[in-house]
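Biologist: I'm new to this one. Could you walk me through how to read it?

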Amino acid sequence: MSDADSAAAAEVGEGARDFIRDIVRADLAAGRSESVVTRFPPEPNGYLHIGHAKSMCLNFGVARESGGRCHLRFDDTNPVKEEHEYIEAIEADVRWMGFDWGAHLYHASDHFETLYAWAEHLIQAGLAYVDDLSAEAIREYRGTLTEPGKDSPYRERPAEESLDLFRRMRAGEFPDGARVLRARIDMASGNMNLRDPVIYRILHARHPRTGDAWCIYPTYDFAHGQSDAIEGVTHSLCTLEFEDHRPLYDWLIANLPVPTVPRQYEFARLNLAYTVLSKRRLIQLVEEGHVSGWDDPRMPTLRGLRRRGFPPAAIRDFCKRIGIAKADNLVEVALLEHCARELLNKTAARRMAVLRPLKVVIENYPEGQTETLKAINNPEDPSAGTRQVPFSRELYIEAGDFMEAPPKKFFRLAPGREVRLRYAYFITCREAVKDAAGEVTELRCTYDPTTRGGDAPDGRKVKGTIHWVSAAHAISAEVRLYDHLFTVPVPGKTGDVLDDLNPDSLTVLEACRLEPSLSQAAMGAPVQFERQGYFCPDPDATPERPVFNRTVALRDTWAKIQKKSQKRGG
RNA sequence: UGGGGCGUCGUAUAAGGGCAUUACACUCGGCUCUGGACCGAGUAAUCGGGGUUCGAAUCCCUGCGCCCCAGCCA
């Protein structure tokens with residue numbers, strides 16, 4: 001392969017390889033398209049989720065790789081369901097994902113006048129007619145999956161009559177549902193979409209953009225492909241459920257005086273385990289209060305993921321890794337989590353935070369004394385520098401880092417055991433103080449003053465290093481831990497989706513103690529709480545009380561070992 | 001005999017007549033002041049049955065399974 005070839009391949013494919021990119025490459029090579037134009041076409045009736053991110057990455061990605069462009073187009077053909085609020089939110093979410101549509105922002109409603117003219121064109125060509133049948137009657141006449149439909153009694157209506165009626169529909173002479181405009185194709189087709197599909201319906205509803213200018217609106221099928229053609233879209237990429245619509249898409253393009261001929265290609269939508277990605281389900285979760293809102297950190301919405309702390313670059317990486325194909329899929333959450341960890345590991349500042357505090361008193365450390373110790377901000381990034389962490393006689397450590405009767409592989413604190421306090425001293429546990437109920441409430445320990453900074457001059461090693469905070473200097477905070485929203489990989493598969501909701505998807509820890517540097521510095525940035533996970537500040541925080549969300553936990557080998565031994569032990 | 005689509009490691013994918021690829025997950029080992037990260041190794045797949053061929057995941061035949069479609073939603 002020549003340098004020019006490989007450069008072109010790199011530019012077009014950028015390493016990514018899938019059947020869509022193969023088609024695009026072939027079309028470019030064969031001169032079928034001079035340049036590539038794609039579009040991301042959300043309907044403004046809800047918030048974007050990670051499935052939309054897959055579509056965005058494909059559409060914007062293919063365009064960028066091939067030196068083309070990608071439009072943002074709102075499919076706003078149904079004013080009954082759509083709201084302006086969503087338009088702004090969607091634009092913000094697309095930008096947050098890092099995509100730029102430049103000057104190419106469109107709405108299907110921008111094309112309403114042309115679409116209307118094309119509808120008249122179809123009527124005049126004898127390819128569309130106004131039908132007076134009710135919605136129920138149309139359904140009955142449509143037939144079933146295995147039986148052909150019947151022609152509507154209005155199917156042979158003269159073009160002039162349909163034209164007159166259609167104009168009067170536009171003029172507002174008829175109530176909602178009184179009549180529709182139908183394409184005249186084939187009531188016996190095996191493809192239901194070709195059984196004279198409705199292409200215009202009467203809707204006396206105020207449209208978010210066109211206001212009261214219209215009382216008839218085109219359906220998706222009559223708007224989407226034609227909008228593609230008007231905007232010069234070359235490759236109209238959509239999900240598999242529209243495969244059946246392609247013959248209709250092509251029929252309309254073939255029978256209308258369109259300026260360009262777009263082609264539709266379909267790929268498999270994303271399914272993510274332990275969550276739902278259908279707009280209907282997501283709306284239900286919000287409206288019925290199963291989550292706190294569209295931006296609940298447990299939601300697979302982009303707003304939810306953002307609040308949870310997933311960086312857009314991690315989501316893009318995820319989309320790249322899952323690929324594009326036509327087979328139904330169910331992607332593991334572990335992959336998304338991996339993408340977040342990989343990015344955050346490189347970028348997140350390390351801090352010490354004790355989520356479930358257990359008090360430790362260093363008996364041989366002078367009362368009232370405080371010293372500061374140097375801690376590294378990010379071992380993966382020397383340029384992140386260091387910080388000072390206060391140390392004193394009374395500390396908090398993680399309750400889980402102490403066991404009274406430790407099993408074999410437990411490397412942390414236990415009676416008589418020595419561990420390292422990260423960046424500080426070696427300490428040895430002398431006694432576990434218990435309350436009346438037998439619960440450990442405090443640890444009495446001693447420290448070795450010669451191990452300041454974390455290394456013993458005599459070269460002795462400790463197996464465990466644990467995190468800590470100085471009791472007197474710590475700030476208190478709330479930390480929210482999240483688990484899957486649902487308990488099963490495919491919610492609703494065997495019954496009501498709501499029955500599969502995970503009652504433990506949210507854990508709120510109220511009494512967390514954080515190192516003081518967490519009170520001010522870079523509150524917007526993600527941090528790693530050492531040995532625990534990646535966290536980000538939540539907007540619920542107040543100046544007095546920070547709130548952190550756990551984006552994703554660190555890989556936890558100890559938890560795995562524990563689980564295994566539990567299984568073995570019965 | 002409605003129409004359309006899809007079946008490759010546990011998951012997601014690549015290869016489109018010539019060594020079944022890569023990543024995640026998993027297992028084992030190394031290293032480590034995070035049981036993190038990192039490094040190394042390993043387990044693991046072409047839906048079944050025929051056929052063509054020197055050679056089939058790939059081509060042909062046949063069977064099976066799964067998904068989508070009967071909105072005036074998109």
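Modeller: Let's start with the ground rules, then look at the RNA and the strands. This is a predicted model, where local features need pLDDT of at least 70, side-chain atom pairs count only at pLDDT 80 or more, and totals for chains, interfaces and linings use all residues. Residues are numbered from 1 along each chain as its sequence is written, chains are lettered from A and ligands numbered from 1 in the order in which they are written, and side-chain values use heavy atoms, with hydrogens and water left out.

Biologist: Which residues come nearest to RNA strand B?

Modeller: A residue is near a strand if one of its heavy atoms lies within 4 Å of it. Here 70 residues surround RNA strand B, and Thr77, Arg350, Arg412, Arg420 and Gly453 come nearest. They divide into 24 nonpolar, 19 polar and 27 charged; Ala, Val, Leu, Ile, Met, Phe, Trp, Tyr, Cys and Pro count as nonpolar, Asp, Glu, Lys and Arg as charged, and the others, Gly among them, as polar.

Biologist: Which helix supplies the largest share of that surface?

Modeller: Helices (H or I, at least four residues) and strands (E, at least two) are DSSP runs, numbered from the N terminus. Helix 14 gives the largest share, 5 residues. Helix 14 covers 557–569, and among the others supplying at least two residues each are helix 6 (135–141) and strand 6 (198–202).

Biologist: What part of the RNA faces the protein?

Modeller: Of the RNA strand B atoms within 4 Å of the protein, 64% belong to sugar or phosphate, and the rest to bases. For single polar contacts, look for a pair of N or O atoms within 3.5 Å; within protein, one must be able to donate a hydrogen and the other to accept it, and residues adjacent in sequence count only if both atoms are side-chain atoms. A polar side-chain atom of Thr557 sits 2.5 Å from a phosphate oxygen of RNA strand B, while a polar backbone atom of Leu133 is 3.3 Å from a base nitrogen.

Biologist: And how do I read a sheet?

Modeller: Strands of a sheet pair through backbone hydrogen bonds, either parallel or antiparallel. Two strands pair if DSSP finds at least two bridges between them. One open sheet has 4 strands in the order 4-5-6-7, with antiparallel pairing. Its edges are strand 4 (128–131) and strand 7 (216–218), each pairing on one side only.

Biologist: Where can I see parallel pairing?

Modeller: Try strand 16 and strand 19 (residues 465–466), which run parallel and are joined by 2 bridges. Leu421 has Ile466 in strand 19 as its bridge partner. Strand 16 (residues 418–421) also pairs with strand 17 (residues 426–434), in the antiparallel sense, over 3 bridges.
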